[in-house]
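User: Hi! Could you walk me through this one, starting with any term I'll need?

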Amino acid sequence: MTSQGDGSAGQPPTDSSLPTLDIPKTRSIATNESPETSSTSSLPLRPASPSLLASRSSTLSGILSRSSSPNGRSSLSLSRFARSSTASPLSNIADSNDETRTLIVRSFSPVVGVLASEEADNLAREKGFQHGFASVIQPYGERVPGKVVVRDSVGASRSWEDFGVRFLNLKDSIQGQAGRGPEILDTLEDLVEQYLEQHTGEYISHGFHEMSPYYRLFLSRLLSSQPPSQHEAFSHPVAAVITISSSTPSPIETLRNLYAQTAQGGLAPPPYANPEYLRYYLLVHDDDKDDFAKSSALFDQMKRHFGLHCHLLRLRSMSCSEEDQDGEEMPQQEWLSASADLSKLQETTQLVELDAIPAPRIFSTDAAAIRTFVRELVSQSIVPYMEQRISLWNEQIASRRRGISGRFMSLSKRWGGVGGLGLSRTSSASNLSSTSSSSGNYDSLQGYYRWDAPEALLRKLADFATMLRDYKLAASTYELLRSDYSNDKAWRYLAGANEMCCVSNLLNPLLSSSSTSSSSSKSLPKLETFDSMLEASSYSYLTRCNEPALALRSILLTIELLKVRGRLASELASKWAIRALDLNLASQGTSSHVLISERVASCLAGNRPSQSSTTTITNHHPASTGFSLSHRTRHAAFWSLTSAEEWMKLGRASFAAARLDDAHELYAELKHHEASISSKGFKDMNEFMDELSLAVRMKLGQARQRGISGASATGNLVEPLGADPLGVSGEAEEVLEEQLEKLDGKPKGHQRQLTLNSNVDAMAGPMSPGRQRGDPLGADDDFE
Amino acid sequence: MSYYFVVVSPTDTPMFEYTFGTSKAGGSGQAHFRNGESSRYMNQFIIHAAIDVAEEVQWLSPNMWLKVIDHYAPTNSHISCFMTGTNVRFMLLHQPGGPPAAAGSRTSTLSSSSIAQNPLSPQTDEAIRQFMTEVYEVWVKTMMNPFYKIGDEIKSPAFRARVAAAGRKWL
């Protein structure tokens with residue numbers, strides 16, 4: 001907004017902010033037509049070869065645009081256009097809430113380790129997958145085709161369309177990739193930077209309710225890059241797929257050897273992870289080389305030896321090239337850890353520089369075979385296995401603990417020591433081997449429970465329930481565990497239980513319908529409970545375990561889920577978002593910091609009343625509740641402005657412009673905004689906003705000049721300027737000077753102000769002289 | 001402790017602004033906001049945002065003194081509010097800390113040091129309430145001035161001096 005001292009002029013501030021609104025829009029349209037698809041109108045955005053640009057934009061759009069279509073995997077050519085649908089105003093609030101929820105729900109998917117024999121890996125390499133067999137099936141696990149029916153603990157069936165599993169190399173899922181705590185956050189930061197870097201100047205519009213695609217990226221990478229930890233079973237394998245190929249010399253022997261490796265060899269899980277996970281045996285038949293009859297016979301033999309958990313997968317060993325008609329592109333992998341994504345990005349960059357862009361392709365028949373395999377694996381083996389485990393543990397451990405005798409037991413354990421312990425030990429399961437420590441099952445030296453301790457099994461039960469989306473059972477189990485862990489002073493476990501207790505309570509769909517109204521429902525625990533649980537979990541993670549990434553995860557998850565649950569809840573969410581910034585979980589001056597401040601604004605803006613209701617109701621007596629009046633519009637605007645300013649500091653003017661527009665829009669909703677935010681009202685505030693928007697505009701204009709060199713002076717309808725670009729720049733310079741003068745505190749007349757506003761688009765044209773003046777302004781805006 | 005005091009009109013414009021520091025515990029009476037130069041506009045932003053909360057809290061409390069209504073974590077600023085009958089709001093932003101007091105000023109009493117350090121203590125609350133009440137009295141007198149037009153900025157030097165005195169006395 002450009003300030004105008006003359007209040008009687010009645011120049012609405014929205015008018016003056018319009019030009020800034022225009023800029024990103026025209027830009028994003030221009031960039032949507034990537035050079036490949038558009039015929040004539042696209043202009044080079046930056047000095048890069050078209051192929052480079054195209055391939056990069058397609059990588060990003062593939063990742064970013066998936067946000068707009070959570071239910072169907074669109075093909076790449078579609079997804080390139082899907083970005084424009086992200087910006088469409090049609091997408092409503094409920095959709096984006098669901099989208100966040102879906103993201104979080106899907107992030108808790110079972111991990112399946114893949115252990116392939118040498119020959120199977122070789123076959124994958126022949127097909128052109130350098131990272132072994134796991135990478136062939138990885139992308140297909142993320143969304144199991146068709147519905148997956150899951151029965152919960154009370155016997156009710158629910159079907160899920162978006163169920164998925166995550167295939168990992170068994171080695172990774174057992175030993176964990178390198179990178180812990182702070183390093184994860186650094187990697188994440190690098191990753192977001194990379195994505196931002198690739199899309200400099202481009203702006204993907206999103207409203208207050210929608211999630212910024214970059215934040216979405218940040219969140220999903222944060223969720224998927226946690227290394228396996230002792231305190232939660234999400235990253236421990238639920239099953240292992242032991243794979244041989246038809247060219248393996250002594251198949252049954254190899255299978256046995258591989259099994260032995262998973263049981264007691266080098267790949268045996270650490271003592272805190274449950275070694276009794278499902279083993280699934282996969283025979284890969286090479287259609288191009290080997291005889292199917294032979295493989296079929298071998299498969300029968302496998303079935304006799306290993307039972308039902310077997311599958312025969314027919315693949316071709318030839319690599320699929322661009323020319324092959326019956327090939328298709330591999331789906332992109334959605335759940336990558338931050339480091340994996342980063343290295344992948346770097347890999348593609350290198351390849352792009354060599355001018356060879358091999359999009360991974362696969363034969364359609366192979367893809368179909370893999371899909372069938374994944375579907376069978378999930379719906380016939382993994383889900384039933386998990387259901388069965390849940391009911392077993394629920395019966396043997398949890399239900400005893402929950403009943404009245406369980407209360408007594410945990411009491412007697414607390415007070416009576418050994419006697420009570422013996423009781424609980426015998427009562428739980430006969431197959432539990434006893435641990436030697438007498439003071440409880442927690443090994444405080446090493447910091448973990450053995451996998452067969454009731455506490456660890458309960459945690460596993462709750463995690464399984466979360467993965468199968470039975471949140472009621474999960475929440476009650478986490479609740480149970482919180483007290484256990486706190487008695488044992490198992491801080492890491494305690495933090496995890498608190499975190500997951502919040503998350504599973506908030507994910508429970510049965511409670512959500514009643515609590516979306518302004519008052520939180522009865523069935524949902526009180527907000528203070530969430531507050532204290534979150535407090536406990538973030539404190540334990542951060543201070544006792546030194547795990548900032550986990551602390552950030554717990555806070556962000558809860559924020560996202562709280563945000564949609566009415567006014568009080570979203571206020572709590574905003575409080576925690578600010579807290580996350582305060583705890584320095586995302587350090588000042590990084591893009592993740594800005595992304596979180598954007599979230600604060602979004603939390604606060606989320607439940608402001610619609611425009612009509614503010615104007616009508618505030619004039620009269622407040623509604624009986626007194627709550628319907630309350631809103632946080634000013635706060636939201638303030639935080640939008642904060643993030644605009646931070647984007648500006650990072651040099652991302654188009655993002656800053658978008659946030660600035662948000663802020664203006666929010667301020668415009670206020671009743672007295674004309675008087676309040678002007679040079680007559682809060683003077684310094686107004687001045688700051690003007691300085692910021694001027695800096696943003698100058699920067700944008702500059703970027704434009706670099707990109708589209710003068711071709712942008714089209715929007716200028718009010719006062720047509722000469723086609724001569726020199727004339728434009730001269731005019732723009734003059735205008736700038738005027739504005740700068742005005743900022744110095746010398747208000748000009750109304751007439752001049754009008755010219756100024758109409759010329760804003762012209763300013764977006766070439767105007768190099770503005771730069772020297774603009775930059776110090778931007779640099780001096782020191783918020784903290 | 002640094003303070004920023006604003007009288008906000010019913011139409012959300014500031015009618016009177018005054019920035020000062022604590023005079024207790026050897027304070028010089030100068031404001032030392034931790035965000036330095038940017039505090040000039042930041043404080044206005046924070047106060048302006050707090051109007052949101054004031055609008056909500058005013059319906060929940062029968063009192064004119066609304067206590068601490070908002071907190072802005074990044075600069076650790078607290079906002080107290082006093083509401084007059086005509087919907088004019090006295091907003092006080094207080095920010096603890098700042099540069100430590102001079103070394104010789106160990107003689108201060110406990111209560112005054114707690115005002116300077118802990119913005120949520122009952123002592124602080126009470127001190128601000130006294131300050132607000134005093135300002136309210138002065139404000140009412142100013143309003144009765146026949147040369148003052150309701151809704152205008154308060155330019156009276158006497159009012160400013162009285163507010164400054166109240167600030168020195170209580171804060």
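Analyst: Happy to! A polar contact is a pair of N or O atoms within 3.5 Å; within protein, one must be able to donate a hydrogen and the other to accept it, and residues adjacent in sequence count only if both atoms are side-chain atoms. This is a predicted model, where local features need pLDDT of at least 70, side-chain atom pairs count only at pLDDT 80 or more, and totals for chains, interfaces and linings use all residues. Residues are numbered from 1 along each chain as its sequence is written, chains are lettered from A and ligands numbered from 1 in the order in which they are written, and side-chain values use heavy atoms, with hydrogens and water left out.

User: How many residue pairs are in polar contact between chain B and chain A?

Analyst: There are 13 such pairs, with both residues at pLDDT 80 or more.

User: And which element of chain B gives the most to that side?

Analyst: That's α1(B), with 15 residues. Helices here are DSSP runs (H or I, at least four residues), as are strands (E, at least two), numbered from the N terminus.

User: How much area do the two chains bury?

Analyst: About 2,900 Å² between them, 60% of it on carbon and sulfur atoms. Phe45(B), His48(B) and Asp52(B) supply 24% of the area that chain B buries against chain A, more than any other three residues. Buried area is the accessible area (1.4 Å probe) that two parts lose on being put together, summed over both.

User: How many salt bridges cross there?

Analyst: The rule finds five across the interface of chain B and chain A. It asks for a side-chain nitrogen of Lys or Arg within 4 Å of a carboxyl oxygen of Asp or Glu. One of them pairs Glu55(B) with Arg634(A), at 3.1 Å from N to O.

User: New topic: what domains does chain A have?

Analyst: Domain 1 (111–179 + 231–322 + 359–404), domain 2 (181–226 + 470–510 + 527–607) and domain 3 (629–784). These bounds come from an automatic or database domain assignment.

User: How far apart are the C-alpha centres of domain 1 and domain 2 of chain A?

Analyst: They lie 31 Å apart. Where the two domains touch, 14 residues come from domain 1 of chain A and 18 residues from domain 2 of chain A, with contact meaning heavy atoms within 4.5 Å. About 1,300 Å² is buried between these domains.

User: Which residues make the salt bridge between those domains?

Analyst: Arg553(A) and Glu232(A), whose closest N and O atoms are 2.9 Å apart. The rule finds one salt bridge across that interface.
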